[in-house]
Amino acid sequence: MGYLSIADRTDSFFIPCVALIGPGYARETGDRAKSLGAEKAL
């Protein structure tokens with residue numbers, strides 16, 4: 001089994017397209033989570 005050097009390795013990650021920031025957005029997080037299909041908080 002061969003190993004790739006760090007220079008030959010490719011990784012990826014996902015960044016969400018919406019970031020809620022600023023005063024008052026904490027009130028909207030529940031509704032936003034429900035619209036994405038969430039049923040329970042962490």
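I would like to start with a contact between side chains: E28 and R32 meet in a salt bridge, with 3.3 Å from N to O, where the term stands for a side-chain nitrogen of Lys or Arg within 4 Å of a carboxyl oxygen of Asp or Glu. By this rule, the count comes to one salt bridge.

Before going on, I should say that this is a predicted model, in which local features need pLDDT of at least 70 and side-chain atom pairs count only at pLDDT 80 or more, while totals for chains, interfaces and linings use all residues. Residues are numbered from 1 along each chain as its sequence is written, and side-chain values use heavy atoms, with hydrogens and water left out.

As for the partners, E28 is partly exposed at 31% relative accessibility, and R32 is also partly exposed, at 39%; here buried means under 20% relative accessible area, exposed over 50%, and partly exposed in between, with a 1.4 Å probe and protein chains only.

Turning to the surface, V18, L20 and Y25 make a nonpolar patch of about 240 Å². Patches are made of residues with over 30% relative accessible area and no salt bridge, like charges being joined within 9 Å and nonpolar side chains (Val, Leu, Ile, Met, Phe, Trp, Tyr) within 5 Å, and the areas come from the Shrake-Rupley method with a 1.4 Å probe, where for residues only the protein chains shown count as cover.

Y25, which is partly exposed with a relative accessible area of 30%, sits in the segment before α1 (29-35), helices being DSSP runs of H or I with at least four residues, and strands runs of E with at least two, numbered from the N terminus.

Finally, A38 lies in the segment after α1 and is partly exposed at 37%; A38 and C17 are 21 residues apart in sequence and 17 Å apart in space, C-alpha to C-alpha.
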